[in-house]
Amino acid sequence: MSTAGPAPFTIDVSEEAGRVLVSARGELDLATAPQLEEALLPLVRSGRHAVLDLRGLEFMDSSGVRVVVTAHTAAAEHEGRLTLVRGGERSPVGRVLEVSGLEGMLEIVDEA
């Protein structure tokens, strides 16, 4: 019997076609949200175009929503840009974004 838990939370940051791709994997929750915030906010505050790829997430709670909203606001304030890659409306992240009412406010795509 296997008792393997969720995949560890990881963040990869890379440059791609004039933008910065930030890919998150695992579970984005109260314990891991500060890591994403630390990686993402400096990018959008510097006026960069950050693409936040959330397709690798198995779970996202309201802490993750808070990071996304904070980054979106910071991007707007500093002439940056934030694009979210959710991986489809039926994905775990897509459902959270829909329920939170953020779909109309944020730039959301299904593929990077």
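Colleague: Which residues of α2 are buried?
Modeller: In this predicted model, the buried residues of α2 begin with Ser 63, Gly 64 and Val 65. Further along the helix they are Val 67, Val 68, Ala 71, Ala 74 and Ala 75.

Colleague: What do the buried residues of α2 pack against?
Modeller: The helix has 16 residues. Both helices and strands take part in covering its buried residues. The elements are β2, α1, β3, β4 and α3.

Colleague: How far does α2 reach from its first C-alpha to its last?
Modeller: At 1.5 Å a residue, the expected span for α2 is 22 Å. The span in the model is close to that expectation. It comes to 22 Å.

Colleague: Which residue caps the N-terminal end of α2?
Modeller: The backbone nitrogen of Ser 63 has a side-chain oxygen 2.8 Å away. Ser 63 is itself among the buried residues of α2. The oxygen belongs to the capping residue, Asp 61.

Colleague: Which residue with a positive phi follows α2?
Modeller: Most residues other than glycine have a negative phi. The residue in question is not a glycine, yet has a phi of about 60°. It is found in the loop between α2 and β4, and it is Glu 79.

Colleague: Is Glu 79 buried or exposed?
Modeller: The cut-off for exposed is over 50% relative accessible area. Glu 79 has 73% relative accessibility, so it counts as exposed.

Colleague: Where does Ala 17 lie, given its positive phi?
Modeller: Phi of Ala 17 is near 50°, and the residue is not a glycine. At 78% relative accessibility, Ala 17 counts as exposed. Ala 17 lies in the loop between β1 (10-16) and β2 (19-28).

Colleague: Why are the buried residues of α3 on the same side of the helix?
Modeller: In α3, residues 92-99, the buried residues are Val 93, Gly 94 and Leu 97. They lie on the same side of α3 because the arc they cover around the axis is only 100°.

Colleague: What covers the buried residues of α3, including which strands?
Modeller: The residues to be covered are Val 93, Gly 94 and Leu 97. The cover includes β3 (49-60), β4 (81-85) and β5 (107-109).

Colleague: How many residues of β4 are buried?
Modeller: β4 runs parallel to β3, and five bridges join the two strands. One bridge pairs Leu 52 with Leu 84 of β4. The strand is mostly covered, and the buried residues number four of five.

Colleague: Which side chain makes a polar contact of 2.9 Å with His 49?
Modeller: His 49 is found in strand β3 and is buried, with a relative accessible area of 17%. Leaving aside residues up to four places away in sequence, His 49 touches Arg 19, Val 20, Arg 81 and Thr 83. The side chain that makes the polar contact is that of Thr 83.

Colleague: Which helices does the salt bridge of Glu 37 and Arg 66 link?
Modeller: Side chains of opposite charge can pair when their charged atoms come close. For Glu 37 and Arg 66 the N to O distance is 3.1 Å. The two residues are 29 apart in the chain, and they link helix α1 (residues 33-45) with helix α2 (residues 62-77).

Colleague: In the salt bridge of Arg 55 and Asp 53, which residue is buried?
Modeller: The two side chains meet at 2.7 Å, N to O. Arg 55 has 40% relative accessibility and counts as partly exposed. Buried means under 20%; at 7%, the buried residue is Asp 53.

Colleague: Which residue forms a salt bridge with Glu 107?
Modeller: The closest N and O atoms of the pair are 2.7 Å apart. The bridge links strand β5 with strand β4, across 26 residues. Glu 107 is partly exposed at 30%, and its partner, partly exposed at 40%, is Arg 81.

Colleague: How many salt bridges does the count come to?
Modeller: The pairs described above include Glu 37 with Arg 66 and Arg 55 with Asp 53. Arg 86, Glu 103 and Asp 110 are linked in a network of salt bridges. The count comes to eight.

Conventions
Residues numbered from 1 in each chain as written. Predicted model: local features only at pLDDT ≥ 70, side-chain atom pairs only at ≥ 80, totals over all residues. Heavy atoms only, no water. Buried < 20%, exposed > 50% of the residue type's maximum accessible area, 1.4 Å probe, protein only. Arc of directions from axis to C-beta. Contact = heavy atoms within 4.5 Å. Salt bridge = Lys/Arg side-chain N within 4 Å of Asp/Glu carboxyl O. Expected span 1.5 Å × (residues − 1). Polar contact = N/O pair within 3.5 Å; in protein donor to acceptor, adjacent residues only side chain to side chain. Pairing = 2+ DSSP bridges.
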